[in-house]
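Please look through the structure below together with its sequence. The paragraphs that follow lead from one pair of packed helices to another, then to the protein as a whole, and end with a single residue.

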Amino acid sequence: MADDANRSAPFLAENGARDVELTAPDATIPAMNGEGPASDADVRRKNIKAMFAFQLFISLAWGTAMGPIFDKYLYLLGSGLARGPMLFPVNRANSLVGVAESVSGITSLIAAIPVGYVVDRRPDQRAHLLRLSTGIALLAVICGIVVVATDEMTVVFAMLICFGLFMELASSASEAIFADSIPAGERAALFVTKSVISTVGAACGPGIAAVGLALLGDKWEPYQIKIIMVLGLLLMLPTILPLFVFHDPKLSPVANGVNGASPESSTEDAESVQSSPIIRARLKCLNSKHVPFILALSDFITCIGAGMTVKFFNLFFIQDEHFSPVAISLLQTAYPLVIAGFMKITERLAKPLGRPQASLTFFSLNVLCLLLMAEVRWLPALLLVFLVRGGMANSTYPIDRSILMDFTPSSQRGMWNAVSSLTSMTWSGSAFLGGVLSDARDYRYTFLITGLVYASACLVYLPLLYLVPRKEKEAANASVS
């Protein structure tokens, strides 16, 4: 469960017993297809480093071009700056922000299933798909430059569609290669590392925007916004370079079983782990096969609530609290850094508590923070609650992602990435509803509604406390195909 659109996504070194280096596991990974052990280990190590580099660059560029600056740009377009066909009510600026997010979501909805099918059908061609995605990224950047020059709404939607296709293809293929490059039982730490790198990049993007806006005059003038957007779009260009470093790791004949184990042996392990009569009595018809479905359903409900609120946090501080361009950029610099810190705390707590236990604890506290945000008026307290809420809500994503990868075989990872994209479509669709509610009532009203929806997601997540073993190595043995 995590509530940001950037769940790239939304990774780090673990405290306590040992530190996790930003490299792959050592060269003792078994060789595949008769080649020496070092060659395949090198491929896996390079894939992990390439994933870290891609996450850093894409979040840096995205945070600069498509962060709070872009939200305000959309708001200005909805207030009368836009040219071309209007697909939204004139002077309903929040509605335009929701419509733009819905365009991205519809793109994901259309592309998710075919992309997932292609990624799963040819696991030895995933690296080639990443190279193909770079052409779509270049087209998106060109559309973005045209948008800045023309304020044309049709080109805005074309840019969002191209970015949606690029992110769908690049994230699905790279995530599958990344998971295949890490041995079972070691994914949580490296997934946390990946997420922390991504969030640090997301923090640097608004930081760059803050410096640029301070130099340009710190006003919400369209020309200032456009200069920062162009800078962020140009930063997208080096983002595609790590995608040429990925190579498909060699998989053993049994790799289509979860974590490299045969389906039969995995099923036996799962049955032994679930042999406790207490667990059987509490769960009855549920077993480890249902873990991905429970995660997906919980994510789906979370996205319904998140879309109504998260997209409008920046506008809440800009419109209601009167933040300047530099102030909102600095806030969005601090926000991902707080998330990165909470990811480290969540990873540390997951060791003694268990991954689902730590995830549910933090996400449940996030519900309380949202309810506080609907009532708190004193700005320092509001900012504190906002930052703590964001850290708790988004620190759970890499932990949940590692659970998903432990309980899905390589041959189904494209499909489950597609499912994640379909849930993000819900995020985008509810963003439209959030815009309508914000125009009709206010932003704080949507915080209250979102908190109630998040509470429902926590209830759906509860069975994972019993289905997923507390120790990660045991979870790897308990997974089924």
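The model shown here is a predicted one. A suitable place to begin is helix α4, which spans residues 126-150, and helix α7, which spans residues 222-239; the two pack with their axes 10 Å apart and at an angle of about 170°. Because angles over 145 degrees count as roughly antiparallel, α4 is described as roughly antiparallel to α7.

Which residues bring these two helices together? From α4 come Leu138, Val141, Gly144, Ile145 and Val148, and they meet Lys226, Met229, Val230, Leu233, Met236 and Leu237 of α7. Sorted by class, the contact of α4 with α7 comprises 9 nonpolar residues, 1 polar residue and 1 charged residue.

A second pair may be read in the same manner. Two packed helices are described by the angle between their axes and the distance between the axes. For helix α11 (residues 313-320) and helix α17 (residues 443-461), the angle is about 150° and the axes lie 10 Å apart. This angle makes α11 roughly antiparallel to α17. The crossing of α11 and α17 is, moreover, left-handed.

The residues of this second contact can also be named. On the side of α11 they are Phe313, Leu315, Phe316, Gln319 and Asp320, and on the side of α17 they are Tyr443, Arg444 and Phe447. By class, the contact of α11 with α17 holds 5 nonpolar residues, 1 polar residue and 2 charged residues.

These helices belong to a protein that has 19 helices and 0 strands. Of its 481 residues, 58% are buried. The accessible surface of the protein amounts to about 18,200 Å², and carbon and sulfur atoms account for 67% of that surface.

The last step turns to one residue, serine 402, which is found in helix α15 (residues 397-406). Is serine 402 buried or exposed? Its relative accessibility is 0%, and serine 402 therefore counts as buried, since the term applies under 20% relative accessible area.

What does serine 402 touch, leaving aside residues up to four places away in sequence? The residues in question are Arg187, Ala188, Phe191 and Arg355. One of them, phenylalanine 191, is 211 residues away from serine 402 along the chain, yet the C-alpha atoms of these two residues are separated by 6.4 Å.

Key: Residues are numbered from 1 along each chain as its sequence is written. This is a predicted model: local features need pLDDT of at least 70, side-chain atom pairs count only at pLDDT 80 or more; totals for chains, interfaces and linings use all residues. Side-chain values use heavy atoms; hydrogens and water are left out. Axes are lines fitted to C-alpha atoms, for helices over the stretch in contact, and angles run from 0 to 180 degrees between N-to-C directions. Helices (H or I, at least four residues) and strands (E, at least two) are DSSP runs, numbered from the N terminus. Angles under 35 degrees count as roughly parallel, over 145 as roughly antiparallel, 65 to 115 as roughly perpendicular and the rest as oblique. A crossing is left-handed if the near helix is turned anticlockwise from the far one by less than a right angle, and right-handed if clockwise. Contact means heavy atoms within 4.5 Å. Ala, Val, Leu, Ile, Met, Phe, Trp, Tyr, Cys and Pro count as nonpolar, Asp, Glu, Lys and Arg as charged, and the others, Gly among them, as polar. Buried means under 20% relative accessible area, exposed over 50%, partly exposed in between (1.4 Å probe, protein chains only). Accessible areas come from the Shrake-Rupley method with a 1.4 Å probe; for residues, only the protein chains shown count as cover.
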